[in-house]
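Student: Got a minute to go through this one with me? I'd like to start with a single residue and work outwards.

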Amino acid sequence: MSNEKTTGNSGKRKQEKGAAPNGDAQVAAGGELHQIAGGQHPALTTNQGVALSDNQNSLRANPRGPTLLEDFIFRDKITHFDHERIPERIVHARATGAHGFFELTASLKQYTTARILTELGEKTPVFTRISTVAGGAGSVDTPRDVRGFAVKFYTKEGNWDLVGNNIPVFFIQDAIKFPDLIHAVKMEPDRGFPQSATAHDTFWDYISLTPESMHMVMWIMSDRTLPRSLRMIEGFGVHSFRLINDVGESTFVKFHWRPKLGLQSTIWDETVKISGADQDFHRRDMFEAIAAGNFPEWEFAVQLFTQEEADRFPFDHLDATKLIPEELVPLKVIGRMVLDRWPNNFFAETEQVAYCPSHVVPGIDFSNDPLLQGRLHSYHDTQLSRLGSPNFHQIPINAPKCPFSNQQRDGHMQMEQPKGRVAYEPNSLSENSPRETPAHGFHSAAVTETGEKGRIRAESFADHYSQARQFYRSQTVYEQAHIASALVFELSKVEHVHVREAIVGHLRHIEEDLAKRVAAGLAFEKMPDAPVTSSPVQEMAPSPALQIIGKMKETLIGRSIGILITNGSDGAVIERIKKAGTDAGAAVKIVAPKVGGAKLDTGLMLAVDGQLAGMPSVLFDAIAVILSDEGAKALATESAAIDFVRDAFGHLKAIAVDNGGLALLKIANVGHDAGVVDANDREAFIAAAKTRQWDREKSVRTLA
Ligand code: HDE
């Protein structure tokens, strides 16, 4: 058959040959390369390797007639397409992933045999996936939500998955409660909303009946759940694990990731607006950082402690609603992780990666934390239905990079072709089949377990409020106000008054003042009773390490500055601000009413990075507004320009202005404080841009 098929319109037909738009010849044959459009292109084939002569027209009985069932090329393509999606993760569906490496800088040889924790300077490849929890795969990057922080280390002794979160504690103490917690937070089943939000009745109803969640509630109502960038979050293994050394002794360990760029969060109103301006805010930020060679980096640290030390803690470390304050057990930094490569393919890697907390290597073991124990089952189980086969470990992103071999056989999508007649162990028929390695193989910690069998929660798990109080009291006044306001916001979305009251009742155990602020924010006429608790609240010393503001670094590295200009703006001032920002490490972007550019006072047409309506100030950490008088006048009736400056001020950002910029601020009724500086005082602008103007907040919004 000729390559020139009849479509009934020969002029259109030529255009539809999209693969060769310039009309170069395309003669396909399986597996061969062909010269098309000046490049070497492989032939387009079916999955059986048969070359396609036409990828634009299905086979029809006549040019305008029915499509034929015979068209195996159409069916090959469409059937595969119909099956492109796999079930998304029940939780943590939305994520950003990247490759990188882990490098050990201090050996833990005394504590463990795991080579990844003892071989100094070794670079171990990793794949890290950072996720939100509640939303579906297509949800926005910036809801108020916990971030998952999962790292797969491809060690020489097998894969080790550290599947943590950006918050060091969790909602519940026992894995059997997890399905209820998740059903409560996910969209309500009768109405199918809200997508990815805790601000609704079923979530707070469940929480009000689950006092063990109160410590986690303080964390999720803090700005920890509103990260400025995934590069600016901490990661925590949450549970206690064990390390086992060469003489079989075990030590408890908690794992921590600390971002090199410091911690930073956004303001709630800013977060809401970012969700509208850029639904992929975090994914894009990570993508652009890696593409620019600004590789995200974290320190890896451990808290090590013995059973005897644990026995003296004023809480049970096996309870995942508790953390070990850094002041009690200091962090020891032992390594770093750098993410330096974006995946080639989102589905193949970020979607198909399968983390399981049960993936550990010799020298690392589990504690008895009942939440961890449940997770050891759940993740492997979920991968079986998500990836559809017990052979998911053979998918390249999941396969160990060290040799692996056993007598497991067959199953869906088996990629391996084991040789020989032996598929069992022990055997005497094969010289070279895999055998146990008692000396170096995986050993569990030899611990003695005693006690009564039963569905019993340990008495040591009964204290639900002390660490919640410690967290709240450790925050700066600004952060406390954000927590109180977040509670008012969320509970204001709850329709059932008894649920609002029950939560405020719990807050009374945490901090009476917090309860009062929230009650006032909800316009309660009288304070609800606090629930009965069997465990008195303990006073624990405040831990400044629990703040965000205390851990924010005064730097512009990893941050961005937006300069708003119009026709007639002062080119020299723009250039100097841009240089000052770039020299300080910021990414500087120019925003103008038209994407094609703006004609400066010099007559030069300056290229811009974004159009005003599509690049609001919520996408920047600080702004400069450099306008001619006419420019300021023109923007006076432009709501995107008014919002640009008003939001920057409302989100406590530094603003540099020239005369035109100042005029716009006046039109927008934006105030003037230490964070609003003359564009010629670049030093003052850069200093103000490195932080947020916290004191300004009381002048721009009513906080609880
Ligand atoms: Fe998960 N969790 N989880 N979780 N979790 C999943 O596994 C589960 C918990 C965490 O990027 C699921 O592969 C149970 C704590 C992360 O692919 C599922 C319990 C922590 C990710 C599951 C918990 C986490 C998951 C869904 C209560 C912090 C995303 C898809 C005992 C330490 C990993 C999947 C990725 C994902 C179960 C609680 C972190 C259903 C039963 C605590 C980062 O298996």
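Student: Asn 567: buried, exposed or partly exposed?
Tutor: Asn 567 is partly exposed, because its relative accessibility is 49%. The cut-offs: buried is under 20% relative accessible area, exposed is over 50%, and partly exposed is in between, with a 1.4 Å probe and protein chains only.

Student: Hang on, what kind of model is this, and how is it numbered?
Tutor: It is a predicted model, where local features need pLDDT of at least 70, side-chain atom pairs count only at pLDDT 80 or more, and totals for chains, interfaces and linings use all residues. Residues are numbered from 1 along each chain as its sequence is written, and side-chain values use heavy atoms, with hydrogens and water left out.

Student: Back to Asn 567. Where is it found?
Tutor: In the loop between β13 and α15 (571-583). Helices are DSSP runs of H or I with at least four residues, strands are runs of E with at least two, and both are numbered from the N terminus.

Student: What does Asn 567 touch?
Tutor: Leaving out residues up to four places away in sequence, Asn 567 touches Ala 598, Lys 599 and Ser 628. A contact means heavy atoms within 4.5 Å.

Student: And how far is Asn 567 from Asp 246?
Tutor: 71 Å, C-alpha to C-alpha, with their positions 321 residues apart in sequence.

Student: New topic. Which protein atom is the donor to the iron of the ligand?
Tutor: The OH of Tyr 379, 1.8 Å away, is the single donor from the protein. Donors are N, O and S atoms within 2.8 Å of the metal (3.2 Å for Na, K and Ca); water is not among the atoms, so sites may look incomplete.

Student: Which helix holds Tyr 379?
Tutor: Tyr 379 is in α10, residues 370-387.

Student: Now backbone oddities. Which peptide bond is cis with omega near 0°?
Tutor: The one from Phe 193 to Pro 194. Pro 194 sits in the loop between α3 (178-185) and α4. The bond from Glu 425 to Pro 426 is cis too, with omega near 5°. Pro 426 is in the loop between α10 and α11 (466-474).

Student: Why flag those?
Tutor: Because most peptide bonds are trans, and most residues other than glycine have a negative phi.

Student: What is phi at Ser 196?
Tutor: Near 60°, so positive in a residue other than glycine. Ser 196 lies in the loop between α3 and α4. Ser 196 counts as buried because its relative accessibility is 10%.

Student: And Ala 523, buried or exposed?
Tutor: Exposed, because its relative accessible area is 61%. Phi of Ala 523 is also positive, near 60°. Ala 523 is in the loop between α14 (512-521) and β13 (560-565).

Student: Zoom out. How many helices and strands are there?
Tutor: 20 helices and 20 strands. The radius of gyration is 29 Å, close to the 27 Å that the globule rule gives for 704 residues, so the protein is as compact as a globular protein of that length. That radius is over C-alpha atoms, and the rule is 2.2 Å times the number of residues to the power 0.38.

Student: What does the C-alpha trace span?
Tutor: About 85 × 85 × 55 Å along its principal axes.

Student: What share of the residues is buried?
Tutor: 52% of the 704 residues.
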